[in-house]
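Please open the model in your viewer with a cartoon representation and keep the sequence panel beside it. The stops below suggest what to select and describe what is found there.

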Amino acid sequence: MRRNHFIAAAGICLALIIYATLAKLAGRPALMGHAEAYWVVVIERFSAYGLLGFLLSFLLPGRVKLACAFVVAVAVGLEVLQAVTPDRHPEVIDVLQKAAGGTVGVLLAQTILAFLPRPPS
């Protein structure tokens with residue numbers, strides 16, 4: 001049953017990331033209003049992808065490369081899709097921030113999983 005909760009949480013997290021990435025700038029969610037500082041945006045990106053990587057890592061225990069590859073693929077794919085949206089523009093630095101956040105989330109979860117007791121087989 002716990003796996004279903006992780007699937008739902010990862011799906012919701014991914015849906016919110018997709019919405020925030022592809023929504024028009026006027027409809028984009030913001031923590032501190034639409035005139036937020038650049039460092040706040042960086043923290044938002046890093047944290048959102050970190051949470052996604054964290055949840056994916058619990059869904060794919062022991063598969064660090066697969067979880068990291070998925071998070072990086074989502075970051076690159078959504079950034080490329082921003083080129084289709086008229087008021088958004090893709091940037092390499094955004095992809096790097098998102099990929100770094102996702103990778104840190106995966107590694108953090110894998111570290112936690114390494115210390116959890118394994119169920120008897």
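Begin by selecting residues 39-59, 66-84 and 96-116, the three stretches that an unreviewed UniProt entry labels "transmembrane region"; the coordinates you are viewing belong to a predicted model. In the 39-59 selection the chain is 100% helix and 0% strand, and its end C-alpha atoms lie 30 Å apart. In the 66-84 selection, helix accounts for 84% and strand for 0%, with 28 Å between the end C-alpha atoms.

Next, select residues 45-110, to which the unreviewed UniProt entry assigns the feature "domain: VanZ-like". Over this range the chain is 79% helix and 0% strand, and the C-alpha atoms at its two ends are 21 Å apart.

Now clear the selection and colour the whole protein by secondary structure, which comes to 4 helices and 0 strands, in the order α-α-α-α along the sequence. The C-alpha trace spans about 55 × 25 × 25 Å along its principal axes, and of the 121 residues in the protein, 36% are buried. If you draw the contacts between residues with a separation of 6 or more, 71% of them join residues 24 or more positions apart.

With the molecular surface switched on, the accessible area comes to about 7,600 Å², and 74% of it belongs to carbon and sulfur atoms. Colouring by charge then picks out 10 positive and 6 negative side chains, the centres of the two sets being 16 Å apart.

For the interior, hide the surface and turn to the largest nonpolar core. Which of its 16 residues touch the most other members? They are Ile17 and Tyr49, and the core draws at least two residues from each of helix H1 (2-22), helix H2 (38-59) and H3. The greatest contribution to this core comes from H3, with 6 residues. Centre the view on Ile17 and show what surrounds it: apart from neighbours within four places in sequence, Ile17 is in contact with Ala48, Tyr49, Leu52 and Leu78.

Staying with H2, select Val42, which has its place in that helix. Val42 counts as partly exposed because its relative accessibility is 23%, a value between the limits of 20% for buried and 50% for exposed. A distance monitor from Val42 to Val72, 30 residues away in sequence, should read 16 Å between C-alpha atoms.

Move on to the loop between H2 and H3, where you will find Pro61. Is this residue buried or exposed? Pro61 is exposed, since its relative accessible area is 51% and the class begins over 50%. Beyond its neighbours within four places in sequence, Pro61 is in contact with Gln110 and Leu113. From Pro61 back to Ile17 the C-alpha distance is 22 Å, with the two positions 44 residues apart in sequence numbering.

The next selection is Glu79, in helix H3 (residues 64-81). Why does Glu79 count as buried? The classification follows from its relative accessible area of 2%, which falls under the 20% limit. Display the residues around this side chain: not counting those up to four places away in sequence, Glu79 touches His89, Pro90, Glu91, Asp94, Val95 and Lys98.

From there, step to Gln82, which lies in the loop between H3 and H4. Gln82 is also buried, because its relative accessibility is 4%. When residues up to four places away in sequence are set aside, Gln82 touches Thr21, Leu22, Arg88, His89, Pro90 and Lys98.

The last stop is Glu91, one of the residues touched by Glu79, which has its place in the loop between H3 and helix H4 (92-115). In contrast to the buried Glu79, Glu91 is partly exposed, with a relative accessible area of 33%. To finish, place a distance monitor between the C-alpha atoms of Glu91 and Val76, which are 15 residues apart along the chain and separated by 9.8 Å.

Definitions and conventions:
Residues numbered from 1 in each chain as written. Predicted model: local features only at pLDDT ≥ 70, side-chain atom pairs only at ≥ 80, totals over all residues. Heavy atoms only, no water. Buried < 20%, exposed > 50% of the residue type's maximum accessible area, 1.4 Å probe, protein only. Contact = heavy atoms within 4.5 Å. UniProt positions renumbered as here; feature names shortened; annotations may be inferred. Areas by Shrake-Rupley, 256 points an atom, 1.4 Å probe, with all protein chains shown as cover. Lys, Arg positive; Asp, Glu negative; His and termini not counted. Charge placed at Lys NZ, Arg CZ, Asp CG, Glu CD. Core = buried A, V, L, I, M, F, W, Y, C linked by side-chain atoms within 4.5 Å.
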